[in-house]
Protein chains: 2
Amino acid sequence: MAEIGEVEDHLADERRKAEFDVSAMKVVWAGSRHELEITDRMARIVASDPVFRKDNRAMLSRKELFKNSLKKAAHAWRRIIELRLTEEEASKFRSSVDEACYPDLHWGMFVPAIKGQGTDEQQKKWLPLAKKLQIIGCYAQTELGHGSNVQGLETTATFDPETDEFVIHSPTLSSSKWWPGGLGKASTHAVVYAHLITNGEDHGIHGFIVQLRSLDDHSPLPGITVGDIGTKFGNGAYNSMDNGVLQFDHVRIPRDQMLMRISQVTRDGKYLVSDVPRQLVYGTMVFVRQTIVQDASIALSRAVCIAVRYSSVRRQFGSQNGGPESQVIDYKTQQSRLFPLLASAYAFRFVGEWLKWLYTDVTQRLQANDFSTLPEAHACTAGLKSLTTSVTSDGIEECRKLCGGHGYLCSSGLPELFAVYVPACTYEGDNNVMLLQVARFLLKTVSSLASGHPPVGTASYFGRAEHLMQCSCEVRTADDWLKPSVILEAFEARAARMVIACAKNVSKTLVLEEGFSEFSIDLVEAAVAHCQLIVVSKFIEKLQQDIPGSGVKEALQVLCSVYALSLLHKHTGDFLSTGCINPKQASLANEQLRSLYAQVRPNAVALVDSFNYTDYYLNSALGRYDGNVYPTLYEAAWKDPLNDSVVPDGYHEYIRPLLKQQVTSRAARL
Amino acid sequence: MAEIGEVEDHLADERRKAEFDVSAMKVVWAGSRHELEITDRMARIVASDPVFRKDNRAMLSRKELFKNSLKKAAHAWRRIIELRLTEEEASKFRSSVDEACYPDLHWGMFVPAIKGQGTDEQQKKWLPLAKKLQIIGCYAQTELGHGSNVQGLETTATFDPETDEFVIHSPTLSSSKWWPGGLGKASTHAVVYAHLITNGEDHGIHGFIVQLRSLDDHSPLPGITVGDIGTKFGNGAYNSMDNGVLQFDHVRIPRDQMLMRISQVTRDGKYLVSDVPRQLVYGTMVFVRQTIVQDASIALSRAVCIAVRYSSVRRQFGSQNGGPESQVIDYKTQQSRLFPLLASAYAFRFVGEWLKWLYTDVTQRLQANDFSTLPEAHACTAGLKSLTTSVTSDGIEECRKLCGGHGYLCSSGLPELFAVYVPACTYEGDNNVMLLQVARFLLKTVSSLASGHPPVGTASYFGRAEHLMQCSCEVRTADDWLKPSVILEAFEARAARMVIACAKNVSKTLVLEEGFSEFSIDLVEAAVAHCQLIVVSKFIEKLQQDIPGSGVKEALQVLCSVYALSLLHKHTGDFLSTGCINPKQASLANEQLRSLYAQVRPNAVALVDSFNYTDYYLNSALGRYDGNVYPTLYEAAWKDPLNDSVVPDGYHEYIRPLLKQQVTSRAARL
């Protein structure tokens, strides 16, 4: 994004160093020319519209912030209509606005829930209302006392055959719905998850469409208590969202507001299960989690873009003969923290792209009643959700630290990016719970090897378990570590050996569940090894494709090696203790890594330019395209509310009496 | 701290499980009965005073927050006088107030700078003013473009012999003083660091006392531009502090306001160096950094206290036969993340205690002109500053994640604790720069081995380098890992081998500086290994002392083993690749670790009760002493400003028009 007109480009030298075609890399990052064109066009429209201004966001009070985000949502909706945007364009437009608000849940959870779980008739009734925003919906699942364990929810929906209604009720404080985004203040409706009870029998958790607020004046309907759950982590950040609390006091809804695609309650209270396969629910999970992986690559790349640009502008130490100090990005220790994150951003982008394909594949199979790949696809997306969101959260904070003290200022953009991102580690499946699910899948894969079930997809390397258990790494020189086949086998052997060692330990215990619990720490580490292998292998696969553009593939090959070898270095203990590599080979990998960092160095700024982010989107004094950092920081400072007056409010009451030694007198009583 | 009266203690079962005497452990944690008594008394006075209320801090605007913190500072000052507190009590009182404000810098930096660098005459003039708060001072060193590298500062102080004054000047934008706490709005004076120039000659960086604001009306003096640098990371958090920006336009101060203890400028502009040893500056660094290590143990223990209590209250999954779900703290994966942090909090507490002794020792030696231990003490505190602040920052965030979604709410107390703590990784020596300094010290230690200089203090294990390079670990059973001598030798061998390997690599390069740069990544890892060894060895030494109280020493022994073995697990790659242990021994260490976690489990809540924190101090719905978590979260939610009205501000302008489909009409224009 060239915001540069007549002003000086402080990063021009860096851009001249680049050894590849940035415009071609932009296409690779975006996924296609088409994607690049739309993303770029939407980003520019949003960036140039003053209503979407966000540089003051960190300084707004909660109420101002929320009101402003309602304003932006309404304006976005209007602009989308005025510009006659397609669904694809509208979605990019909304993400360019880059502010959490009720439409995220309305479009991302409420509408899909009705689509996925509603009958044709229900869809016909509710979807047009939702799609025109005549109603605003949210997704009310988690409760104050219940998060990941959906079966533990306490809200009840009891069928009353007398009136043909369900009675929705919150029996305890801990059953209060808690966290749903858009619930606190904006939504008129919710899909509420509750235990379905008919004739005194509990049929488990089901979804119900419940109106919460009057469509006339927005006041809560009788029996409904609803509000916001309070301020969340960070300045601005997720506080633009009204995550809510909701309690029901025997709220009645008509029977036809239970989402009945998969199971029904009849007029006389009978519970019926349709022949629609329940596995469809997992298809939705695969969808949601693959979008989370894509979001991870975006969030991480934003942070890396800021840190790379500022590290190139910033100078510290190393001045010789009175010349300028060294650019911080030239320090090896800076490179060793920054470049693996740059490589991870690309790696996550490519594995996210592949997950899109996986979702399409799973959907087609489900439609053909083929459930054979579903467990593998489910484990794969759960694991990658966990891996990429954890690395991204930590990575954003690492980038903030890599910017030194100034990264701590909101004007750097990094504090808000961190605070708004970290919930991704918890929502849609807590990352630790996800890894335990992957571990279960891996144990099942191993145990079914004996029964002749060939493992599929990302688990297919277990088909070569015998070889992987005894193979030895062939690396003799540092350059051997550049061979994709060598990397792949090392990562496969490590994952296979860790998983199989766990399986053996677990199988020794009498009760499987106890064994699973006893070795859960090792199992989680094995699951991480498996997930890292997936990312490495998909990066390698990507590079086996045709990638046009001068120097583009070469630059990506370096990043792919950086990604794999920095992981290998971080987890040397795994590789050594499973005997996949020896200490000499570990040392050669480090040697290669040092040389790879030197190869990334001249391309670093161009590699982050390729993300094609506008200055508006980055919202960072440190990450500006033109590198004009210090005047920007300086100007931003004076806009702080505390600088509204030279002498601060409070001086006369609380500073002057001290200086004048009047503090202990009665007159100075506060 | 027993806040429990007639209310139910939800953690009573946990407290009954404890296998040690909590009141005796409180003494161990506090350091002595005397310390415990004072800390406890001051904490209770502050907690019961409504002026010090902080539960609404995360919701205040920047201006409200700042004004409120001025109020607290004035009130604290008044109470300290009224209660006739000793200096020791006053200091504990201020830390109990737990809000960053200008007195931190006034007492912590401005006063010590005058004490350390001022002549007797200067001290006599300025200290009484400062000690009565007739002036408020800050410490103006870092600049917009210059952080860790003090020599790179650009501000100048040019002596004008005509008027016998210094002219303080900011020649560029990047020379603006930037970050000093208390500067933005509160301070009347500053110690300003600038290049001293006399007769056209630059004598390097020196300190000057400069008045910034009028003592009559607090307005900035002529030539001075001063303000706040803007909002920082997090809600509440460090935003109560007015970190400032300051520019000088040829500001004149009398010659006697240069701090002249170490060097002087005479009336005719001659530059003289006194015979006061310059090494005294390093003594101050040792002092400041040892307090940072102590603060680390406090911050980490607060987070761990919240996470342990909430993990004991919170239940999830594992319900059998309709009974309650399992306590989250019973999951091994939760224990494996939480208990090493609990152990680290105790480890940092003990190493901090030892550093207090080290500072006393160094001070006494300096007074006797013995500089022999100074480099070692300096490296040791630099390294421990880096290690403990990094682990603490990451540990607070890990504790937050261990609390699941609710940890993301400000009412959990964890977001603010994180945001207010993280600058410790950057201030007073960036953590990465600190590790490079340790690395330099270690290289020097190795190179002087040959010349017969015996290494001292925490580096003395290099005296046994020959043995450590070839010794082999004797562990044959998991229980062997409980022997302190075994642990110690493994950690010593690992550190020695890593350092010596680096030294060899560096020595192969032609230019030492290039070698240092080329292998800086490995050097930093070696420095971390050295610092971890220090913490492990001081924990072991602590346990060799007499520790009274039933079960107290036993509980600490378990924590010590958890600390060491969890580090060994995390860094297995180091231990294996240097051949200090073999894969079988690594696996036995893991086995022992699993068993240790089971031993920590019944003591977990009692171990955090021993920190003796009030509910006021923790400021966390999740960390309450009585475990009454959910009603507290619920009540906190309703206090959010967004809940002031049921229908949110903005409904009529930005929600209703959408619902009523009036959004594209001109009337709805925003």
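The following exchange walks through the contact between two chains, and one helix pair, in a predicted model.

Biologist: How many residues does each chain bring to the contact between chain B and chain A?

Modeller: By class, the side of chain B that touches chain A has 60 nonpolar, 41 polar and 32 charged residues. Counted as a whole, chain B gives 133 residues to the contact, and the number from chain A is 133 residues.

Biologist: What area is buried between chain B and chain A?

Modeller: The size of an interface is often given as the accessible area lost when the parts come together. Here carbon and sulfur atoms give 63% of the area buried between the two chains, and that area is about 11700 Å².

Biologist: Which residues of chain B lose the most area to chain A?

Modeller: The area buried between the two chains is about 11700 Å², and three residues stand out on the side of chain B, where together they make up 7% of what that side buries. These residues are B:F233, B:Y408 and B:L642.

Biologist: How many salt bridges are there between chain B and chain A?

Modeller: Side chains of opposite charge can pair when their charged atoms come close. One such pair is B:D644 with A:K63, whose closest N and O atoms are 2.7 Å apart, and another is A:K401 with B:D394, at 3.8 Å from N to O. Both distances satisfy the cut-off of 4 Å for a salt bridge. The count between chain B and chain A is 14.

Biologist: Which helices hold A:K401 and B:D394?

Modeller: The side chains of A:K401 and B:D394 meet in a salt bridge, and this pair crosses between chains. The residues lie in helix 10 of chain A and helix 10 of chain B, respectively.

Biologist: Is the crossing of helix 17 of chain A and helix 19 of chain A left-handed or right-handed?

Modeller: These two helices of chain A pack at an angle of about 140 degrees, with their axes 9 Å apart. The residues of their contact divide into 10 nonpolar, six polar and no charged, and the crossing is left-handed.

Technical notes. Residues numbered from 1 in each chain as written. Chains lettered and ligands numbered in written order. Predicted model: local features only at pLDDT ≥ 70, side-chain atom pairs only at ≥ 80, totals over all residues. Heavy atoms only, no water. Contact = heavy atoms within 4.5 Å. Buried area = accessible area lost by both parts, 1.4 Å probe. Nonpolar A, V, L, I, M, F, W, Y, C, P; charged D, E, K, R; others polar. Axes fitted to C-alpha atoms, helices over the stretch in contact; angles between N-to-C directions. Helix = DSSP H or I, 4+ residues; strand = E, 2+ residues; numbered from the N terminus. Left-handed = near helix turned anticlockwise from the far one by under 90°.
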